[in-house]
Amino acid sequence: MIKLIGLVPLFPLIGFLINGFIGKKLSKGVSGAIGSFSILASFVVSLLIFIELNGSAQKSHVVDLFSWISSGNLQVPFSFLVDPLSALFLLIITGIGFLIHVYSVGYMHEDEGFSRFFTYLNLFVFFMLLLVLGNNYLIMFVGWEGVGLCSYLLIGFWFKNTAYNNAAKKAFVINRIGDLGFLLGIILIFFTFNTISYGEVFKLANTGIAAQGTITAIALLLFIGAMGKSAQIPLYTWLPDAMAGPTPVSALIHAATMVTAGIYMIVRSNIFYSMSDVASETVAVVGAATALFAATIGMVQTDIKKVLAYSTVSQLGLMFLALGAGAYSSAVFHVATHAFFKALLFLGAGSVIHAMGGEQDIRKMGALKKALPVTFFTMAIGTIAISGIPPFSGFFSKDEILAHVYEENKLLWFIGSVTSMLTAFYMFRMFYLTFFGKFRGTHEQEHHLHESPKSMTVPLIVLAILAALGGVMGLPEFWGTHNWIADYLSPLIYRKNPSILSHETEWVLMGLAVAAAAVSIYTAYNVYRKNNILPAAKEEDMGGAERFVYHKYKVDEFYEAVITKPLNLISEAFYKFFDLKIVDGIVNGTGQAVNWFSELIRKLQTGNIGFYILAMVAGIVAILFTSLF
Amino acid sequence: MNNILLQSSIQVIPINWYILLSAALFTIGALGVMFRRNAIIIFMCIELMLNAVNLLLVAFSSFHSDAAGQVFVFFIMAVAAAEVAVGLAILTMIYRNVKSIDIDLLGNLKN
């Protein structure tokens, strides 16, 4: 079965081709079925491969498909790597991808770009699978760029809206900055190790043939790529704007899969990070800063999708914090549980938006509990899971991360814990404002309220089960239970540092985390449920500090003033001086010189044969004389 | 016997004179081609140049007792005859079209 790994990305590719070329001629039902079943087929193959991999003693299989690039000493075979990490990501991508495809059939039902939507979605899954399956950095890079492209296409899916188009462009451009770092990292890896295949690179790196500085440089360059793709400070600003895309896109690409590519890449290259303290600390600090920063912004957002977007940025920050602390398997664990509950929350939010007729402002919602019972119940599970309440999945992954961070650095642990508290608060704030209190929308909206169709609620229920029970993947060791995911991933973690915490400390940390979450939830309950306090309806009513945070700390304005404007000015100056004067001057000058010279020479061509012959004879005589004397 | 007599009678005159005569004929031909406007005269001048060369070839052939020069002359004469046939035909056509053989009137292709 593992030999058939090529089938996994093949099915979405076929779905993409069918929907892309003849999708418009197909009915919506057929188009959606092709899109969904191609992913289901991949999921089934992935599941069989996963089972076979677990059963076999050999944990890493390289499947060569064909020779791709062969140039000098650069040999890049097109080969796939099946190991615990890629197999797990396959399951997440195809499993959650399938649920979201099914959900999209209901959500996008009335959209005229229905088949185009599934075309892009299938293409995205194809590239994402390429990203995690590739056996060298170049295939990963191809997938990396491909998902960036699909992200662009899907954010700007409703391309008639200029603001959405701008959001798409912003995502693309900011990702380019990260991609450049990633590309430089790959080039540096090639120059250092003369190969870019994972196995060989890691083996060589482990022998210590590369200088410490080079390792640090590689790790930091790769991290720049991860910053762009996984929305970390300073390149995170695109992700909240990416919410312009349809909600299933936000769930699949901007919460569950694509944004975790950076984490996948760092876990894959974990040897560089464990060899370089500088790089690890950078990752940890950036992660912690992002987690806290985004969580504070999430506290005051009023758009339901923006709240979830900042929550995603914040949770990704937490994952990077784990990576920086060397807890690679915990980060992957959190990727998995986060994929469950964040996809669930986004799809739930989509269901709410669907019922509200496109309204996204939580100030205009309220009391949706009765009208949307399934959505309410599943979103409750998602909210509890992300807040870290046992025994839901988020609790286990978050707690594991915080315990590992505590070993490494107490300050970062504190930041992480505060972030978790804030997370619980803003998630319950959103939850209470959406589902409880009085309905605050218009009459038509109230009349229009309805539970979503089966194709949307079934994925919600499945995801809710996963979000509730996903924690069994990594039950803590100190409970005397088996931490499956840590064992499962251990073959590809090169340097492990065993846990030094005593069981008592771990119990205390866990208790603190739960207590903190409980306090936050109680506060949110008190403010938004019991006293029914609403966020300010208009910007003018907000306090100065609140308004500042509401405007995302004016980071976009800051980038605009510090980077975009000067860049535009410099470009303008270069255009006016260098382009118009020098480049155009050289080009036009060449033309003019040729013209002028031809005008001069043209006078020789009189058309008088006698003159030509005279010139010829004169020439011959001149040649004779010069050769004679 | 006859041949040898002819050869010796050619060699009575020193080679320099032949060279000078050829050069003079060639120059007259070249100047005629350059400065005359009548197409037939230009034609004759070209023939003059060809024959100046022929004369030189024959003279050297005789002085060096080498037949190769005379073979060249025959070739040149044959080619010149063919050229005259074509050239005169062209001239006839030109005359029929423009009623003149003044080459300056033939600058029409220029514009």
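**Domains, salt bridges and a small interface-side inventory**

The C-alpha centres of domain 1 and domain 2 of chain A sit 67 Å apart. In this predicted model, domain 1 covers residues 315-550 of chain A, and domain 2 takes in residues 556-628. The C-alpha trace of chain A stretches over about 110 × 65 × 50 Å along its principal axes.

As for secondary structure, chain A comes out at 25 helices and 2 strands. Of its 629 residues, 54% are buried. Contacts in chain A lean on sequence-distant partners: taking residues at least 6 apart in sequence, 80% of the contacts join residues at least 24 apart.

Salt bridges come next. Over all chains the structure holds 8 of them. One pairs Glu145(A) with Arg176(A), whose closest N and O atoms are 2.4 Å apart. Because Glu145(A) belongs to helix α5 (residues 137-155) and Arg176(A) to helix α6 of chain A, this pair ties together parts that are 31 residues apart in sequence. Arg176(A) has a relative accessibility of 36%, so it counts as partly exposed. The pair is also part of something wider, as Glu145(A), Arg176(A) and Asp179(A) are linked in a network of salt bridges.

Helix α6 shows up again with Lys170(A), which sits in that helix and is bridged to Asp241(A) in helix α9 (residues 238-241), 71 residues apart. The N to O distance between the side chains of Lys170(A) and Asp241(A) is 2.8 Å. Lys170(A) also meets the side chain of Asp556(A) in a salt bridge, here with 3.0 Å from N to O. Asp556(A) lies in helix α24 (residues 555-602) and Lys170(A) in helix α6, so this bridge ties together parts of chain A that are 386 residues apart in sequence. With 23% relative accessibility, Asp556(A) counts as partly exposed. On the domain assignment, residue 556 is where domain 2 of chain A begins.

What about the loop that follows helix α6? Thr195(A) is found there, between α6 (162-193) and α7 (198-207) of chain A. Its relative accessible area is 10%; because that is under the 20% cut-off, Thr195(A) counts as buried. The side chain of Thr195(A) makes a polar contact of 3.1 Å with the side chain of Glu200(A). Setting aside neighbours within four places in sequence, Thr195(A) is in contact with Ile189(A), Phe190(A), Val201(A) and Leu204(A), as well as with Glu200(A) itself.

Turning to the partner chain, 7 residues from chain A and 5 residues from chain B take part in the contact. Between them, chain A and chain B bury about 540 Å², with 74% of that area on carbon and sulfur atoms. On the chain A side, Gly610(A), Ile613(A) and Leu614(A) lose the most area to chain B, and together they account for 49% of what that side buries. Sorted by type, the residues of chain A that touch chain B are 3 nonpolar and 4 polar, with no charged ones. Across this interface, the count of salt bridges is 0. Polar contacts also come to 0 residue pairs between chain A and chain B, where both residues need pLDDT 80 or more.

Conventions:
Residues are numbered from 1 along each chain as its sequence is written. Chains are lettered from A and ligands numbered from 1 in the order in which they are written. This is a predicted model: local features need pLDDT of at least 70, side-chain atom pairs count only at pLDDT 80 or more; totals for chains, interfaces and linings use all residues. Side-chain values use heavy atoms; hydrogens and water are left out. Domain bounds come from an automatic or database domain assignment. Contact means heavy atoms within 4.5 Å. Buried area is the accessible area (1.4 Å probe) that two parts lose on being put together, summed over both. A salt bridge is a side-chain nitrogen of Lys or Arg within 4 Å of a carboxyl oxygen of Asp or Glu. A polar contact is a pair of N or O atoms within 3.5 Å; within protein, one must be able to donate a hydrogen and the other to accept it, and residues adjacent in sequence count only if both atoms are side-chain atoms. Ala, Val, Leu, Ile, Met, Phe, Trp, Tyr, Cys and Pro count as nonpolar, Asp, Glu, Lys and Arg as charged, and the others, Gly among them, as polar. Helices (H or I, at least four residues) and strands (E, at least two) are DSSP runs, numbered from the N terminus. Buried means under 20% relative accessible area, exposed over 50%, partly exposed in between (1.4 Å probe, protein chains only).
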